[in-house]
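User: I'd like a close look at one part of this model, with enough of the surroundings to place it. Could you walk me through it?

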Amino acid sequence: MTISIRRYLSVLLPLMTLCWILFKCCYPCADFFTDSYTYIGAAADRSVISYRPIGYSLFLRAMHRLSSSDTFLVTIQYLLVQAASLCLFAFLVRHCDLSRWAKRVLAAWLVLDPLVYYTSNIVSSDALFLALSLFWFTLLLQLMRRPTWGGMVLQWLLLVMIFYDRYAALF
(Lines give C-alpha, C1' and ligand atoms only; values in the text may rest on other atoms or scores of the structure.)
Protein backbone atom coordinates (compact mmCIF):
# COMPACT_ATOMS: atom_id res chain seq x y z
CA MET A 1 0.00 0.00 0.00
CA THR A 2 1.44 3.34 -0.97
CA ILE A 3 1.90 6.20 1.45
CA SER A 4 -0.76 8.25 -0.37
CA ILE A 5 -3.40 5.54 0.09
CA ARG A 6 -2.46 5.05 3.76
CA ARG A 7 -2.78 8.78 4.33
CA TYR A 8 -6.24 8.82 2.74
CA LEU A 9 -7.32 5.75 4.71
CA SER A 10 -6.12 7.25 7.99
CA VAL A 11 -8.52 10.12 7.37
CA LEU A 12 -11.34 8.32 5.57
CA LEU A 13 -11.87 5.37 7.95
CA PRO A 14 -12.45 7.48 11.09
CA LEU A 15 -14.66 9.88 9.12
CA MET A 16 -16.73 7.03 7.68
CA THR A 17 -17.14 5.56 11.15
CA LEU A 18 -18.15 8.89 12.66
CA CYS A 19 -20.61 9.64 9.84
CA TRP A 20 -22.22 6.20 10.17
CA ILE A 21 -22.61 6.65 13.94
CA LEU A 22 -24.17 10.08 13.43
CA PHE A 23 -26.46 8.69 10.73
CA LYS A 24 -27.57 5.85 13.02
CA CYS A 25 -28.28 8.37 15.78
CA CYS A 26 -30.69 10.12 13.40
CA TYR A 27 -32.09 6.87 11.92
CA PRO A 28 -31.71 4.22 14.64
CA CYS A 29 -33.90 1.57 13.00
CA ALA A 30 -33.42 -0.16 9.69
CA ASP A 31 -35.95 0.59 6.99
CA PHE A 32 -38.25 -2.21 5.78
CA PHE A 33 -40.53 -2.39 2.76
CA THR A 34 -42.52 -5.12 1.02
CA ASP A 35 -39.52 -6.86 -0.54
CA SER A 36 -37.77 -6.91 2.84
CA TYR A 37 -40.42 -9.20 4.25
CA THR A 38 -40.13 -11.48 1.21
CA TYR A 39 -36.38 -11.83 1.79
CA ILE A 40 -36.85 -12.32 5.54
CA GLY A 41 -39.58 -14.92 4.98
CA ALA A 42 -37.40 -16.88 2.55
CA ALA A 43 -34.50 -16.72 5.02
CA ALA A 44 -36.66 -17.81 7.97
CA ASP A 45 -38.21 -20.69 6.01
CA ARG A 46 -34.77 -21.71 4.68
CA SER A 47 -36.25 -21.60 1.19
CA VAL A 48 -34.11 -22.82 -1.68
CA ILE A 49 -36.16 -20.88 -4.21
CA SER A 50 -38.29 -17.75 -4.11
CA TYR A 51 -39.80 -15.39 -6.63
CA ARG A 52 -37.01 -13.00 -5.62
CA PRO A 53 -33.39 -14.12 -6.05
CA ILE A 54 -32.36 -16.19 -3.05
CA GLY A 55 -28.87 -14.68 -2.55
CA TYR A 56 -29.95 -11.91 -0.19
CA SER A 57 -31.98 -14.35 1.88
CA LEU A 58 -28.86 -16.50 2.23
CA PHE A 59 -26.98 -13.36 3.30
CA LEU A 60 -29.69 -12.61 5.88
CA ARG A 61 -29.44 -16.14 7.25
CA ALA A 62 -25.66 -15.81 7.60
CA MET A 63 -25.98 -12.44 9.34
CA HIS A 64 -28.69 -13.79 11.65
CA ARG A 65 -26.29 -16.50 12.84
CA LEU A 66 -23.99 -13.71 14.05
CA SER A 67 -26.65 -11.35 15.42
CA SER A 68 -30.38 -10.79 15.14
CA SER A 69 -29.98 -7.02 15.41
CA ASP A 70 -31.16 -4.94 12.46
CA THR A 71 -28.44 -2.40 13.30
CA PHE A 72 -25.81 -5.12 12.93
CA LEU A 73 -27.21 -6.11 9.52
CA VAL A 74 -27.26 -2.59 8.10
CA THR A 75 -23.82 -1.85 9.56
CA ILE A 76 -22.42 -4.91 7.78
CA GLN A 77 -24.10 -3.73 4.58
CA TYR A 78 -22.55 -0.28 5.05
CA LEU A 79 -19.11 -1.80 5.69
CA LEU A 80 -19.36 -3.94 2.55
CA VAL A 81 -20.33 -0.98 0.36
CA GLN A 82 -17.61 1.22 1.81
CA ALA A 83 -14.98 -1.53 1.55
CA ALA A 84 -15.85 -2.01 -2.11
CA SER A 85 -15.72 1.74 -2.68
CA LEU A 86 -12.37 1.99 -0.94
CA CYS A 87 -10.97 -0.84 -3.08
CA LEU A 88 -12.03 1.00 -6.23
CA PHE A 89 -10.62 4.27 -4.83
CA ALA A 90 -7.29 2.59 -3.98
CA PHE A 91 -7.10 1.10 -7.48
CA LEU A 92 -7.75 4.48 -9.08
CA VAL A 93 -5.19 6.24 -6.89
CA ARG A 94 -2.58 3.57 -7.55
CA HIS A 95 -3.03 3.02 -11.26
CA CYS A 96 -4.53 6.19 -12.71
CA ASP A 97 -2.79 9.52 -12.90
CA LEU A 98 -5.32 11.48 -10.85
CA SER A 99 -4.66 15.01 -9.77
CA ARG A 100 -4.57 15.81 -6.07
CA TRP A 101 -7.87 17.67 -6.48
CA ALA A 102 -9.55 14.64 -8.13
CA LYS A 103 -8.34 12.34 -5.34
CA ARG A 104 -9.74 14.68 -2.71
CA VAL A 105 -13.10 14.98 -4.48
CA LEU A 106 -13.36 11.18 -4.77
CA ALA A 107 -12.37 10.77 -1.11
CA ALA A 108 -14.94 13.35 0.00
CA TRP A 109 -17.58 11.65 -2.14
CA LEU A 110 -16.86 8.33 -0.39
CA VAL A 111 -17.66 9.88 2.97
CA LEU A 112 -20.38 12.39 2.11
CA ASP A 113 -22.55 10.54 -0.43
CA PRO A 114 -25.92 10.27 1.37
CA LEU A 115 -27.17 7.56 -0.98
CA VAL A 116 -24.73 5.05 0.53
CA TYR A 117 -26.06 5.70 4.03
CA TYR A 118 -29.71 5.41 3.07
CA THR A 119 -29.18 2.39 0.80
CA SER A 120 -27.23 0.59 3.50
CA ASN A 121 -29.94 1.29 6.08
CA ILE A 122 -32.62 -0.62 4.14
CA VAL A 123 -33.21 -4.35 4.52
CA SER A 124 -32.94 -4.92 0.80
CA SER A 125 -30.55 -6.50 -1.67
CA ASP A 126 -29.54 -3.06 -3.00
CA ALA A 127 -26.52 -2.55 -0.73
CA LEU A 128 -25.22 -6.09 -1.22
CA PHE A 129 -25.69 -5.79 -4.99
CA LEU A 130 -23.85 -2.46 -4.99
CA ALA A 131 -20.94 -3.83 -2.95
CA LEU A 132 -20.58 -6.98 -5.05
CA SER A 133 -20.82 -4.95 -8.28
CA LEU A 134 -18.11 -2.54 -7.12
CA PHE A 135 -15.84 -5.44 -6.13
CA TRP A 136 -16.52 -7.04 -9.53
CA PHE A 137 -15.78 -3.82 -11.42
CA THR A 138 -12.55 -3.23 -9.49
CA LEU A 139 -11.43 -6.79 -10.16
CA LEU A 140 -12.33 -6.36 -13.83
CA LEU A 141 -10.09 -3.27 -14.02
CA GLN A 142 -7.32 -5.19 -12.27
CA LEU A 143 -7.66 -8.10 -14.70
CA MET A 144 -7.37 -5.71 -17.63
CA ARG A 145 -4.03 -4.54 -16.26
CA ARG A 146 -2.70 -7.94 -15.20
CA PRO A 147 -4.79 -11.02 -16.05
CA THR A 148 -4.40 -14.10 -13.82
CA TRP A 149 -6.27 -17.39 -13.54
CA GLY A 150 -7.02 -16.72 -9.89
CA GLY A 151 -8.53 -13.37 -10.82
CA MET A 152 -10.66 -15.04 -13.47
CA VAL A 153 -11.98 -17.57 -10.96
CA LEU A 154 -12.72 -14.80 -8.46
CA GLN A 155 -14.46 -12.86 -11.26
CA TRP A 156 -16.65 -15.89 -11.98
CA LEU A 157 -17.50 -16.35 -8.28
CA LEU A 158 -18.45 -12.69 -7.94
CA LEU A 159 -20.68 -12.89 -11.00
CA VAL A 160 -22.43 -15.97 -9.58
CA MET A 161 -23.00 -14.16 -6.26
CA ILE A 162 -24.27 -11.06 -8.09
CA PHE A 163 -26.67 -13.19 -10.12
CA TYR A 164 -27.97 -14.91 -6.98
CA ASP A 165 -28.52 -11.48 -5.45
CA ARG A 166 -30.25 -9.82 -8.39
CA TYR A 167 -31.61 -11.07 -11.68
CA ALA A 168 -30.71 -7.68 -13.16
CA ALA A 169 -27.13 -9.01 -13.23
CA LEU A 170 -28.12 -10.78 -16.45
CA PHE A 171 -28.04 -7.44 -18.21
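User: In which loop is Asn121 found, and between which helices?

Analyst: Happy to take you through it. Please keep in mind that this is a predicted model. Asn121 is found in the loop that runs between helix 6, residues 114–120, and helix 7, residues 126–145.

Let's begin with its surroundings. Although Asn121 belongs to a loop, its relative accessible area is 5%. The cut-off for buried is under 20%, so Asn121 is buried at 5%. Its side chain has a polar partner there: a polar contact of 2.7 Å links the side chain of Asn121 with the side chain of Lys24. If we set aside neighbours within four places in sequence, the residues in contact with Asn121 are Trp20, Phe23, Lys24, Tyr27, Cys29, Ala30, Asp31 and Val74. Lys24 thus appears both in that contact list and as the partner in the polar contact.

Two residues on that list lead us on to Thr71. This threonine is part of helix 4, which spans residues 70–95. Again without neighbours within four places in sequence, Thr71 is in contact with Lys24 and Pro28. Lys24 is therefore a shared contact, listed for Asn121 and for Thr71, where contact means heavy atoms within 4.5 Å. Cys29, another contact of Asn121, has its C-alpha 6.8 Å from that of Thr71, with their places 42 residues apart in sequence. As for accessibility, Thr71 has a relative accessible area of 29% and is partly exposed, whereas Asn121 is buried.

Helix 4 also gives us a way to the loop that follows. Asp97 sits between helix 4 and helix 5. Its relative accessibility is 81%, so it counts as exposed. The C-alpha atoms of Asp97 and Thr75 are 33 Å apart, with 22 residues separating the two along the chain. So we have two loop residues with opposite labels: Asn121 is buried, and Asp97 is exposed.

Going on to helix 5, residues 100–112, we meet Leu106. With a relative accessible area of 31%, Leu106 is partly exposed. Beyond its neighbours within four places in sequence, Leu106 is in contact with Phe89, Leu92 and Leu98. Leu106 and Ala62 are 44 residues apart in sequence, and their C-alpha atoms lie 32 Å apart in space.

Now for the earlier helices. Ser57 has its place in helix 3 and counts as buried at 1% relative accessibility. Apart from neighbours within four places in sequence, its contacts are Tyr39, Ala42 and Ala43. The loop between helix 2, residues 34–44, and helix 3, residues 55–66, holds Arg46. Arg46 is exposed, and its relative accessible area is 52%. Its backbone deserves a look too: the phi of Arg46 is positive, about 55°, even though the residue is not a glycine. Most residues other than glycine have a negative phi.

Towards the end of the tour comes Trp156, in helix 8, residues 149–165. This tryptophan is exposed, with a relative accessible area of 53%. Between Trp156 and Pro28 there are 37 Å from C-alpha to C-alpha, and the two are 128 residues apart in sequence. Pro28 is the residue we met as a contact of Thr71.

Finally, here is the chain as a whole. The protein chain contains eight helices and zero strands, which reads along the sequence as α-α-α-α-α-α-α-α. Its radius of gyration is 17 Å, close to the 16 Å that the globule rule gives for 171 residues, so the chain is as compact as a globular protein of that length. Along the principal axes, the C-alpha atoms fill a box of roughly 50 × 45 × 25 Å. Of the 171 residues, 39% count as buried, and Asn121 is buried as well. Among contacts between residues at least 6 apart in sequence, 68% join residues at least 24 apart.

As for its surface, the chain exposes about 10400 Å², and carbon and sulfur atoms supply 71% of that area. The chain carries 14 positive and 8 negative side chains, and the centres of these two sets lie 15 Å apart.

Note on methods
Residues are numbered from 1 along each chain as its sequence is written. This is a predicted model: local features need pLDDT of at least 70, side-chain atom pairs count only at pLDDT 80 or more; totals for chains, interfaces and linings use all residues. Side-chain values use heavy atoms; hydrogens and water are left out. Helices (H or I, at least four residues) and strands (E, at least two) are DSSP runs, numbered from the N terminus. Buried means under 20% relative accessible area, exposed over 50%, partly exposed in between (1.4 Å probe, protein chains only). A polar contact is a pair of N or O atoms within 3.5 Å; within protein, one must be able to donate a hydrogen and the other to accept it, and residues adjacent in sequence count only if both atoms are side-chain atoms. The radius of gyration is taken over C-alpha atoms; the globule rule is 2.2 Å times the number of residues to the power 0.38. Accessible areas come from the Shrake-Rupley method with a 1.4 Å probe; for residues, only the protein chains shown count as cover. Lys and Arg count as positive and Asp and Glu as negative; His and the chain ends are not counted. The place of a charge is taken as NZ of Lys, CZ of Arg, CG of Asp or CD of Glu.
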